[in-house]
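Reader: Can you walk me through this one? I'd like to start with the surface and then go to the pockets.

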Amino acid sequence: FYRKNIPITPIKSIMYKLALCSLLAGSAAAFAPSPQSARASTSLAASDVVKGPYDSELGAQAPLGFFDPFGMTAGQDKEKFEHLRWVELKHGRIAMLAVVGYLVTYAGVRFPGAEDIPSGFAAFSALPGQVVAQMGFTLFLMEAANSPTPGTYNNFEPEFMGDFRNGALDFGWDSKSDEWKKKKRAIELNNGRAAQMGILGIMVHEKLGNLDTILPFQN
C-alpha cells in the first residue's frame with residue numbers, strides 16, 4: 001500500500017483502512033464459537049441472545065444478552081449480583097469522567113495556574129503535592145458520604161445502588177414510569193461500558209506513542 005517517496009492518496013488510504021478492517025474481521029471470525037457449541041447467534045433479536053440466571057436484569061441486552069464469561073455471578077444471590085452491578089456502574093461513571101477529562105486537557109484546556117501541567121500520564125509527576133492531597137481528600141469524602149449503602153444520605157432511600165439524588169437532585173425522576181427509568185439506566189450503563197474501553201484504548205495508545213494519529217487535535 002505504500003512505496004518509497006510516493007504518498008498514499010486519500011482514496012488509497014481509505015482502501016488501506018477497509019482492507020485492514022477486513023483482515024481484523026476475518027481474524028476475529030477464527031475465534032467465534034462453532035455452530036454446534038454456540039448458544040447465541042449473531043442476530044440482534046432479543047430471543048437469540050445468551051441466557052443466564054439474571055438475563056432479565058438491567059444490562060442484559062442484545063446482542064450479548066447476559067454476558068458473564070468469567071462466571072462471577074455463578075451461584076451468587078441477588079444481593080451479590082446487585083453489588084457487582086453497582087461496581088460496574090461506578091467504574092463506568094469514573095471512566096466517563098476520565099475520557100472527558102483526558103480529551104479536554106489533551107486539547108489544551110487548563111485551569112488558571114495549571115497551564116504548564118501536561119496531559120496524560122505525564123501529569124502525575126507534574127502535579128503539585130497539594131493538588132494530589134486535595135484530590136485524595138475529595139475522594140475520601142465522596143466515599144464516606146455514601147457509605148455503607150451507596151446513595152443513603154439525609155434519610156434518603158435510593159431506588160437502586162448508585163442512586164445519588166440524596167433527596168436534593170431529582171429532575172423529575174420520581175414522576176417517570178418504570179420503563180423510562182430502566183431505559184435511562186441502561187443508557188448510562190452502556191455509556192459507562194464504552195467509556196471503560198475508551199479510556200483503556202487512550203492509555204494504551206499513549207504508551208505506544210501513536211495517540212496523535214487518532215487524536216490529532218492536541219494543543
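Author: A definition is needed before the surface: a patch is made of residues with over 30% relative accessible area and no salt bridge, and nonpolar side chains are joined into one within 5 Å. Keep in mind that this is a predicted model.

Reader: Fine. Which residues make a nonpolar surface patch?

Author: Leu200, Met203, Val204 and Leu208 make one, and its area is about 350 Å².

Reader: Where is Leu208 found?

Author: Leu208 is in helix α5, which covers residues 178-208.

Reader: And does Leu208 count as buried or exposed?

Author: Exposed. The cut-off for that is over 50% relative accessible area, and Leu208 counts as exposed because its relative accessibility is 60%.

Reader: Let's step back. How many helices and strands are there?

Author: The protein has six helices and zero strands. Along the sequence the pattern reads α-α-α-α-α-α.

Reader: What percentage of the residues is buried?

Author: Buried residues come to 20% of the 219 in the protein.

Reader: Give me one. Is Val99 buried or exposed?

Author: Buried means under 20% relative accessible area, and Val99 counts as buried because its value is 17%. Val99 is found in helix α2.

Reader: How far apart are Val99 and Ile199?

Author: In sequence Val99 and Ile199 are 100 residues apart, while their C-alpha atoms are 5.5 Å apart in space.

Reader: On to the pockets. How much space lies in the largest pocket?

Author: The largest pocket holds about 1,700 Å³ of space. Its lining has 40 residues, and the closest to the centre are Ile94, Leu97, Ala98, Gly101 and Met135.

Reader: Which helix gives the most to that lining?

Author: α2 does, with twelve residues. Helices that each supply at least two residues to the lining of the largest pocket are α2, α3 (122-126), α4 (129-145) and α5.

Reader: And by class, what is in the lining of the largest pocket?

Author: The lining of the largest pocket has 28 nonpolar, seven polar and five charged residues.

Reader: How about the second largest pocket, how much space lies there?

Author: About 640 Å³. Of the 22 residues lining the second largest pocket, Phe67, Asp68, Arg85, Glu88 and Arg193 are the closest to its centre.

Reader: Where does the largest share of that lining come from?

Author: From α2, which gives five residues to the second largest pocket. Both α2 and α5 supply at least two residues there. By class, the lining of the second largest pocket has 13 nonpolar, five polar and four charged residues.

Reader: Now closed spaces. How many cavities of 30 Å³ or more does the structure hold?

Author: One. The largest cavity has a volume of about 60 Å³.

Reader: Which residues line the largest cavity?

Author: The lining is made of Leu58, Arg85, Leu89, Phe160, Met161, Arg185, Glu188 and Leu189. By class, that lining has five nonpolar, no polar and three charged residues.

Reader: Which helix gives the most to the lining of the largest cavity?

Author: α5, with three residues. Helix α2 (78-106) and helix α5 each supply at least two residues to the lining of the largest cavity.

Reader: Arg85 came up before, I think. Where?

Author: Arg85 is one of the residues closest to the centre of the second largest pocket, and Arg85 also lines the largest cavity.

Technical notes
Residues are numbered from 1 along each chain as its sequence is written. This is a predicted model: local features need pLDDT of at least 70, side-chain atom pairs count only at pLDDT 80 or more; totals for chains, interfaces and linings use all residues. Side-chain values use heavy atoms; hydrogens and water are left out. Patches are made of residues with over 30% relative accessible area and no salt bridge: like charges are joined within 9 Å, nonpolar side chains (Val, Leu, Ile, Met, Phe, Trp, Tyr) within 5 Å. Accessible areas come from the Shrake-Rupley method with a 1.4 Å probe; for residues, only the protein chains shown count as cover. A salt bridge is a side-chain nitrogen of Lys or Arg within 4 Å of a carboxyl oxygen of Asp or Glu. Helices (H or I, at least four residues) and strands (E, at least two) are DSSP runs, numbered from the N terminus. Buried means under 20% relative accessible area, exposed over 50%, partly exposed in between (1.4 Å probe, protein chains only). On a 1 Å grid over the protein atoms alone, a cavity is a set of points where a 1.4 Å probe fits but cannot get out, and a pocket is an open set with protein on both sides within 12 Å along at least five of seven lines; lining residues have an atom within 4 Å of a point. Grid points are joined across faces, edges and corners, and a volume is the space filled by probe spheres set on the points. Ala, Val, Leu, Ile, Met, Phe, Trp, Tyr, Cys and Pro count as nonpolar, Asp, Glu, Lys and Arg as charged, and the others, Gly among them, as polar.
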